[in-house]
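Biologist: I would like a close look at one helix pairing and the parts around it. Please take me through that region in one go.

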Amino acid sequence: MKTIKIMAKAASPDMTIAEDVYTYGGQLIVPKGTVLDNRTITRIKFYSISEITILVENEAVQELDFQLDEAACTKDEMISRFAERNRKRALAHEDMEPEYLDIIRGSREYEEFNKDVFESALVLENSLSTFITRAGENLDTNELLNHTKDIIVMNRNPMNTFHMLQNVRKYDDATFIHCLNVAIICNVFGRWIHMPQDDIDVLTLAGLLHDVGKMMIPENIIKKPEFLTEAEYSVVKLHPKRGYNLLESMRIDERIKNVALMHHERCDGSGYPDGLKGNQIDEFAKIVAIADIYDAMTSARVYRGPLCPFEVINVFEAEGYEKFEPKYIIPFLEGIVNSYLNAEVLLSDGRKGVVVLNNKNALSRPVVRVGSEFIDLSKEDDLSIHAIA
């Protein structure tokens, strides 16, 4: 048996992991010897792992489609070609882009939404840049909030809002677009759980400003087009405290400051910067943390494509109830799933169907109608939703 290193996005079911897979925080997420399935692959993507090491039969290397000339091809080149072939196969699978994306992008509604999002992101960037460079000058939070609320008013249907956000992310995943997305998601979620309007406004602002500390991180790291090294990731992890320090003297709701500091904390103590647990974490920070993760995972990255919302829900169900506050994560996931009722979806076997009924105990695996057949995905281990179609 040989071991080879491949890009994580090239992973496919039935591959066997040759080395333990850890997060940058040192958490073991896939042990050596694991045979990959769709759920494990989604977990690897969820933690933004860039590369994995797998076991390969000697014969499998010899039976590649391309012909190797041993005199002209080194072992390293052979391994590289094998990994590249897997990568291309994965990309080909990812390129089954749903037709509805083209329909949405061609609509006047999307053009207006896209324009407003980028204008609001620009206002956010300019406001924060001015705030940082002119120490002591206050931030016009009313202007920022109003720009965000104008976008939300345009799209009262949550499903339509999430579809629009996913399309905007397709073209730009800058920090300020992400902050705006998180603010919009927080605003929608606040309405789902019937928050008072004043609290929704604070939560929306908290979403807008949660990553303000990233403006104090070198651009060559924040805008790096490749996967971050461990050292670079350590620098990025400084942004919560730097964000809190920026906002500390402002006359704004304390919960907004706490969100900047605590949005990477986790209820089980596995987060950063202080490893806080449960009640030590601000309630609004717990909500923004969920919106932050959801937006990040359904966004495209250089090293992976965007994950389908049902894939992300699947991972939240598998391990999110310890890391995230149940009283928030459960209604959030239910709200997302309810947003996709009656939506067309693409199944992992290539068939198209319509989501007709949710499974409360398995939110990522609803009942889907394919033609005249009703498929309960909670009873189909080898079948899942690949994309919104």
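Modeller: What follows begins with the whole chain, goes to the helix pair, and then visits some single residues.

This is a predicted model, in which local features need pLDDT of at least 70, side-chain atom pairs count only at pLDDT 80 or more, and totals for chains, interfaces and linings use all residues. Residues are numbered from 1 along each chain as its sequence is written, and side-chain values use heavy atoms, with hydrogens and water left out.

The protein has 16 helices and 10 strands. Helices (H or I, at least four residues) and strands (E, at least two) are DSSP runs, numbered from the N terminus. Of the 389 residues, 53% are buried. Buried means under 20% relative accessible area, exposed means over 50%, and partly exposed lies in between (1.4 Å probe, protein chains only). Take the contacts between residues at least 6 apart in sequence: 63% of them join residues at least 24 apart. A contact means heavy atoms within 4.5 Å.

Now the core. The largest nonpolar core holds 99 residues. Such a core is a set of buried Ala, Val, Leu, Ile, Met, Phe, Trp, Tyr and Cys residues joined through side-chain atoms within 4.5 Å. Ile52, Leu209, Leu247 and Ile385 have the most contacts inside it. In soluble globular proteins, nonpolar side chains tend to be buried together.

Leu209 leads to the helix pair. Leaving out residues up to four places away in sequence, Leu209 touches Leu124, Leu128, Leu139, Leu144, Leu247, Ile256 and Ala260.

How do α9 and α13 pack? Two packed helices are described by the angle between their axes and the distance between the axes. Helix α9 (residues 197-209) meets helix α13 (residues 254-262) at an angle of about 35°, and the axes are 9 Å apart. Axes here are lines fitted to C-alpha atoms, for helices over the stretch in contact, and angles run from 0 to 180 degrees between N-to-C directions. The crossing of α9 and α13 is right-handed. That label applies if the near helix is turned clockwise from the far one by less than a right angle; anticlockwise would be left-handed. On the α9 side, Asp199, Val202, Leu205, Ala206 and Leu209 make the contact. On the α13 side, Arg255, Ile256, Val259 and Ala260 do. By class, these residues are seven nonpolar, no polar and two charged. Ala, Val, Leu, Ile, Met, Phe, Trp, Tyr, Cys and Pro count as nonpolar, Asp, Glu, Lys and Arg as charged, and the others, Gly among them, as polar.

Next, the stretch leading into α9. Gly190 is found in helix α8. Gly190 is buried, with a relative accessible area of 0%. Not counting residues up to four places away in sequence, Gly190 touches Met195, Ile200 and Leu203. Gly190 and Thr204 are 14 residues apart in sequence, and their C-alpha atoms are 8.6 Å apart in space.

His194 lies in the loop between α8 (175-192) and α9. His194 counts as exposed because its relative accessibility is 70%. Its phi is near 60°, a positive value in a residue other than glycine. Most residues other than glycine have a negative phi, and most peptide bonds are trans.

Then the two sides of α13. Ser249 is found in the loop between α12 (239-247) and α13. Ser249 is exposed, with a relative accessible area of 68%. The C-alpha atoms of Ser249 and Asn138 are separated by 9.5 Å, with their places 111 residues apart along the chain. Pro273 lies in the loop between α13 and α14 (283-297). The peptide bond from Tyr272 to Pro273 is cis, with omega near 15°.

Helix α10 (residues 219-222) includes Ile222. Is Ile222 buried, exposed or partly exposed? Ile222 is partly exposed, because its relative accessible area is 27%. Ile222 touches Thr175, Lys214 and Ile217, not counting residues up to four places away in sequence. From Ile222 to Thr175, 47 residues apart along the chain, the C-alpha separation is 8.3 Å.

To finish, a loop asparagine for comparison. Asn358 sits in the loop between β7 (352-357) and β8 (367-370). Asn358 is buried, with a relative accessible area of 18%. Its side chain is joined to that of Asn338 by a polar contact of 2.8 Å. A polar contact is a pair of N or O atoms within 3.5 Å; within protein, one must be able to donate a hydrogen and the other to accept it, and residues adjacent in sequence count only if both atoms are side-chain atoms.
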